[in-house]
Structures are given as C-alpha cells and as structure tokens.
Amino acid sequence: MSTANETVEAIWAAIGAHGVWKMRLKTAITLGKSDLTVANVCRDDLCDFGKWLNSPSLPAALRQSDDFRTIRARHAEFHKCAGDVLGLALSGQKDAALTRLDGDFAAQSQGLALAMRQWSNGLAAAKVG
C-alpha cells in the first residue's frame, strides 16, 4: 500500500524520468536509430511510473481520484506521442520528427509534468495516501 510520501516520491521521480525522453528522442532523430522500439515506447505501462500507475496495490482512494484519471490519460497520450516521434525518426523523417518533438510532444510533456506536480502538491498538502 502506498503512503502519501511514497506517492509523492513516485510522482517526482516520474517527472524527472519523463523529462529525459526529449533528449532520447532527439538522439534517435539525429542518429536515425534507437535501442527502443516504437511498440514499447507507445505503451504507457512499461516505464516505472506506468507500472506504478497500473499497480493493483495502489489504494482505491488514489485510483478513484480525478487527479489519477487525469494523470493516467495524460501519461498514455505522452507515450503515444513519444512513439509517434520515434516512428518518424526511425523512418528517416527527421524534419517531421523534429516538428512533432517541438510541437505536440513538448505540449504533451509539459501538460503531463504540470498535472503530476499539481497532483503531488495536492497530496502533500492533504497528506492523503
């Protein structure tokens, strides 16, 4: 069972981890290759945060909150968009990949990070877990 502190820590760790994606995608665009597959990047349940979000051990109070539903949807969109960028990069469409990276992906990333920070701050303030 997650405590409020564990939940806040998981959220902040995810913010950092998801922040690294832009660099990884930019490298894939530059090189035209990656050690990642589009199919895996598109999945929102393979990263540590996605595994945590989908964990049956999360308290029902967290799973039933509006914040949780918002984060889960934004996280899925983030991964879908990252997969789209990677697909463009791996198919040699550098300009399209860069455009998507700096446009849709940047917006998805910022939206996810903002929503996660708001959720974390709300949990910390309420000491809910």
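Is D45 buried, partly exposed or exposed? Select D45 to begin the tour: its relative accessibility is 28%, so D45 counts as partly exposed. Keep in mind throughout that this is a predicted model.

**Stop 1: the partner of D45**

Add R43 to the selection. The side chains of R43 and D45 form a salt bridge, with 2.9 Å from N to O. R43 is also partly exposed, with a relative accessible area of 39%. The count of salt bridges comes to six, and we will call at some others on the way.

**Stop 2: helix α3 and V41**

Now move to V41, which lies in helix α3, residues 38-42. V41 has a relative accessible area of 4%, so this residue is buried. Show its surroundings and leave out residues up to four places away in sequence: V41 touches W21, L36, H79, A82, G83 and L86. If you like to check distances in the viewer, try V41 and G87: they are 46 residues apart in sequence, yet their C-alpha atoms are 9.7 Å apart in space.

While W21 is on screen, select R24 as well. R24 lies over the face of W21, 5.0 Å from the ring centre.

**Stop 3: along helix α6**

Select residues 66-90, which make up helix α6. At 1.5 Å a residue, these 25 residues should span 36 Å, and the end C-alpha atoms are indeed 36 Å apart, so the expected and modelled spans agree. Colour the buried residues of α6 next: F68, I71, H75, F78, H79, C81, A82, G83, V85, L86 and A89. Several of the V41 contacts appear here again, including H79, A82, G83 and L86. After the helix comes G92, which has a positive phi, near 85°.

For another view of α6, pick K80 and D84. Both lie in this helix, four residues apart, about one turn. An α-helix has 3.6 residues a turn, so residues three or four places apart point the same way. The side chains of K80 and D84 meet in a salt bridge at 3.4 Å, N to O. D84 is partly exposed at 23% relative accessible area, and K80 is partly exposed at 42%. Add R100 and D104 to the selection: salt bridges with shared partners join K80, D84, R100 and D104 into one network.

**Stop 4: from α2 to α7**

Which residue meets K22 in a salt bridge? Select D102: the two side chains are 3.6 Å apart, N to O. K22 belongs to helix α2 and D102 to helix α7, so this pair ties together parts that are 80 residues apart in sequence. K22 is partly exposed, with 33% relative accessibility, and D102 is partly exposed too, with 46%.

**Stop 5: the nonpolar core**

Time to look inside. The largest nonpolar core has 32 residues, and the members that touch the most others are L25, F49, F105, M116 and W119. Helices α1 (4-19), α2 (21-31), α4 (48-53), α6 and α7 (94-126) each supply at least two residues of this core.

Centre the view on M116. Not counting residues up to four places away in sequence, M116 touches I11, A14, I15, F49 and I71.

**Stop 6: the aromatic rings**

How many aromatic pairs are there? The count comes to four. Select F68 and W119 for an edge-to-face pair, with 6.2 Å centre to centre and 70° between the planes. F68 is in helix α6 and W119 in helix α7, so the pair ties together parts that are 51 residues apart in sequence. Both F68 and W119 are buried.

Then select F78 and F105, a tilted pair with 5.2 Å centre to centre and 45° between the planes. Here too the link runs from α6, which holds F78, to α7, which holds F105, so parts 27 residues apart in sequence are tied together. F78 is buried, with a relative accessible area of 0%, and F105 counts as buried at 1%.

For a last selection, show F49, W52, F68 and W119 together: ring pairs link these four into a cluster. Among them, F49 and W119 should be familiar from the core, where they are listed with the residues that touch the most other members.

Definitions and conventions
Residues are numbered from 1 along each chain as its sequence is written. Side-chain values use heavy atoms; hydrogens and water are left out. The expected span of a helix is 1.5 Å times one less than its number of residues. Buried means under 20% relative accessible area, exposed over 50%, partly exposed in between (1.4 Å probe, protein chains only). A nonpolar core is a set of buried Ala, Val, Leu, Ile, Met, Phe, Trp, Tyr and Cys residues joined through side-chain atoms within 4.5 Å. Contact means heavy atoms within 4.5 Å. Rings of Phe, Tyr and Trp (its six-membered ring) pair if their centres lie within 6.5 Å; planes under 30 degrees apart count as stacked, over 60 as edge-to-face and the rest as tilted. A charge sits over a ring if NZ of Lys or CZ of Arg is within 6 Å of the ring centre and within 35 degrees of the ring normal. A salt bridge is a side-chain nitrogen of Lys or Arg within 4 Å of a carboxyl oxygen of Asp or Glu.
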